[in-house]
Amino acid sequence: MIRTENLVHRYGDAVAVDGVSIEIGDGECVVLAGANGSGKTTLVRHFNGLLEPDSGSVAVNGRAVGADLVAARTAVGMVFQDPRDQFVAATVGADVAFGPENLGLERGEIDRRVADALAAVNLAGREDDRVTDLSGGERERVAIAGAVAMEPDHLVLDEPFTGLDAPARESVLDRLRALAADGTSVVVVTHDLRDVLDLADRVVAMSAGRVVVDDDPETARAALPDYDVRVPEAERGSTDARSDGC
Ligand SMILES: Nc1ncnc2c1ncn2[C@@H]1O[C@H](COP(=O)(O)OP(=O)(O)OP(=O)(O)O)[C@@H](O)[C@H]1O
C-alpha cells in the first residue's frame with residue numbers, strides 16, 4: 001500500500017501539493033487526473049522519495065519512505081513523461097535488463113523478464129535495437145518495459161500513452177490490467193482520460209494541489225469536467241459504460 005497523510009510540497013512560496021491524504025491499495029488501479037499544474041507529478045514523486053515532504057508523511061508497504069529510500073524505490077516503479085533522460089544503456093535489451101541486473105537476479109531470470117516486458121509493450125525481439133534509433137513512442141515503451149521488468153509492488157506511470165499508437169496502447173493497457181490482477185498497484189497519471197477510464201478501479205482528480213475527486217470511474221466522470229479534465233466524448237454520460245477495473 002502507498003499512503004500519504006496531509007502531504008504538503010512547496011516550490012519556494014508556491015504550494016504544489018496542499019495537504020493530500022490518499023491510500024492506494026495493493027492491486028488497485030488508480031487513474032490520477034487533473035489539469036496541467038494541478039500537482040499530479042509532484043504528488044507521485046513523493047511515492048518513492050524523489051521529493052521530500054515539507055510536511056506530512058508518505059509510507060510504502062507500511063514504512064516511511066524517507067526511512068528507507070532503497071526499499072521505497074524497489075517497491076515503487078516509476079515511468080516519467082519524458083523518457084529521454086531515463087536510458088542507461090545503448091541497446092533496448094541492455095537498458096531493460098539494467099534494473100533486474102542490479103537486483104542481483106540470475107541471467108535466465110533477467111532474460112525472461114526482459115523478453116516478457118518487451119512483449120508487453122509490443123517490442124518483442126527488439127533487444128538488439130539501439131535506443132538512439134527508436135522513435136519517441138518506442139522510447140516510451142522501452143521505459144515502461146524497464147519498469148515492468150523490475151516487477152515492483154507498485155507501478156506509477158506519468159502520462160504513459162502520449163506518444164503511443166493504438167496497438168501499443170492496447171498492449172500496455174492489457175499488461176497493466178494483468179499486473180493489477182496479480183496484485184501490483186498501478187497508478188496512471190494523466191490530464192486526458194481517453195483510453196484509461198476503463199482501466200481504473202478508482203479515479204482521483206487534483207486541482208490546485210488538492211484532491212477534489214476520489215471515486216469510482218462512473219461517479220468521477222460527471223465531476224471531472226469541472227476541474228478541466230477532458231472526459232472522452234463517446235463515454236460521457238453513457239449509461240452502459242462500465243469499468244472492468246484492472
Ligand atoms: N521544479 C519545479 N520548480 C518550481 N515549480 C514547479 C516545479 N515543478 C512543478 N512546479 C509547479 O508546481 C505546480 C504543480 O506542478 P506538477 O508538475 O506537479 O503538476 P501536474 O499536475 O503534474 O502538471 P502537468 O500535467 O503539466 O505535468 C505547478 O504550478 C508547477 O508549475
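Modeller: A residue is taken to be near a molecule if its C-beta atom, placed from the backbone, lies within 6 Å of it. Please keep in mind throughout that this is a predicted model.

Biologist: With that cut-off, which residues are around the ligand?

Modeller: The residues around the ligand are Tyr11, Ala14, Ala16, Gly34, Asn36, Gly37, Ser38, Gly39, Lys40, Thr41, Thr42 and His191. Two or more residues of this shell come from strand S2 (14-24) and likewise from helix H1 (40-45), and H1 gives the most, with three residues.

Biologist: How many residues of each class does the shell around the ligand have?

Modeller: The shell has three nonpolar, eight polar and one charged residues, where Gly is counted among the polar ones.

Biologist: Turning to the whole chain, what radius of gyration would a compact globule of 246 residues have, and what does the chain have?

Modeller: A compact globule with 246 residues would have a radius of gyration near 18 Å, and the chain has 18 Å, which agrees. The C-alpha atoms fill a box of roughly 45 × 45 × 30 Å along the principal axes, and the chain is built with seven helices and 10 strands. Of its 246 residues, 46% count as buried, while 67% of the contacts with a separation of 6 or more are made by residues 24 or more positions apart.

Biologist: How should I read a single helix, and which residues of H4 are buried?

Modeller: A residue is buried if 20 or more other C-beta atoms lie within 10 Å of its own. Helix H4 (residues 107-120) has 14 residues and reaches 20 Å from its first C-alpha to its last, close to the 20 Å expected at 1.5 Å a residue. Its buried residues are Ile110, Arg113, Val114, Ala117, Leu118 and Ala120; seen down the axis of H4, they fall within an arc of 155 degrees, so they line one face of the helix.

Biologist: What covers the buried residues of H4?

Modeller: The cover includes helix H3 (92-102), helix H5 (136-149) and helix H6 (166-181). Looking from H3, the buried residues are Val92, Gly93, Asp95, Val96, Ala97, Gly99 and Pro100, and what covers them includes H4 and H5.

Biologist: What should I keep in mind when I read phi values?

Modeller: Most residues other than glycine have a negative phi. Against that background, Glu151, in the loop between H5 and strand S7 (154-158), has a positive phi near 45 degrees, and this residue is partly exposed, with 19 other C-beta atoms within 10 Å. Ala208 likewise has a positive phi, of about 50 degrees, although it is not a glycine; this residue sits in the loop between strand S9 (202-207) and strand S10 (210-215) and counts as partly exposed, with 14 C-beta neighbours inside 10 Å. Positive values also follow two of the helices just discussed: Asn122, just after H4, has a phi of about 60 degrees, and Gly104, just after H3, has one of about 75 degrees.

Biologist: Is Gly183 buried or exposed, and which residues is Gly183 in contact with, leaving aside its neighbours within four places in sequence?

Modeller: Gly183, in the loop between H6 and strand S8 (185-189), is exposed, with 11 other C-beta atoms within 10 Å. Leaving aside those neighbours, Gly183 is in contact with Asp26 and Gly27. Gly183 and Asp26 are 157 residues apart in sequence, yet their C-alpha atoms are 5.6 Å apart in space.

Note on methods
Residues are numbered from 1 along each chain as its sequence is written. This is a predicted model: local features need pLDDT of at least 70, side-chain atom pairs count only at pLDDT 80 or more; totals for chains, interfaces and linings use all residues. Helices (H or I, at least four residues) and strands (E, at least two) are DSSP runs, numbered from the N terminus. The expected span of a helix is 1.5 Å times one less than its number of residues. A residue is buried if 20 or more other C-beta atoms lie within 10 Å of its own, exposed if 12 or fewer, and partly exposed in between; C-beta atoms are placed from the backbone. The arc is that of the directions from the helix axis to the C-beta atoms. Two residues are in contact if their C-beta atoms, placed from the backbone, lie within 7 Å. The radius of gyration is taken over C-alpha atoms; the globule rule is 2.2 Å times the number of residues to the power 0.38.
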